[in-house]
Amino acid sequence: MIKKKDIEVKVEEIKKDIKGKNYTVNQLLIGKKIIGEILTMGEKNYEAFLGEEDLGAYKSLDLAVEAILLQHNLHD
């Protein structure tokens, strides 16, 4: 019998200066490891990144989080 282990993913909001502009960035962490970042570009405009890979734009933070988790699980 395979035992399923729950993994806790934390989302931390930080401010980042990118090319002279200040953005809100949500970092997804498993333990202390950053697995992805979501850049808030505006209302209903979120850009998701898995490391250096751009996963695209999403209309909600939840959709962006889901995209990062799906891609992380495929690569891990």
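This is a short chat about a predicted model.

Colleague: What should I know about the numbering and the model before we start?
Modeller: Residues count from 1 along each chain as its sequence is written, and side-chain values use heavy atoms, with hydrogens and water left out. The model is predicted, so local features need pLDDT of at least 70 and side-chain atom pairs count only at pLDDT 80 or more, while totals for chains, interfaces and linings use all residues.

Colleague: How are the strands ordered in the sheet?
Modeller: The order is S1-S2-S3-S4-S5, in an open sheet with antiparallel pairing. Strands are DSSP runs of E, at least two residues, and helices are runs of H or I, at least four, numbered from the N terminus. Two strands pair if DSSP finds at least two bridges between them.

Colleague: Which strands stand at the edges?
Modeller: S1 (9–18) and S5 (53–58) do; each has a single partner strand, so one side of each lacks a neighbour in the sheet.

Colleague: How many bridges join S1 and S2?
Modeller: They pair over 10 bridges, and Ile-14 stands opposite Val-25 in S2.

Colleague: Is Asn-26 buried or exposed?
Modeller: Asn-26 counts as buried because its relative accessibility is 6%. Buried means under 20% relative accessible area, exposed over 50%, and partly exposed in between, with a 1.4 Å probe and protein chains only. Asn-26 is in strand S2 (residues 21–30).

Colleague: What does Asn-26 touch?
Modeller: Not counting residues up to four places away in sequence, its contacts include Val-11, Gly-36 and Leu-61. Contact means heavy atoms within 4.5 Å.
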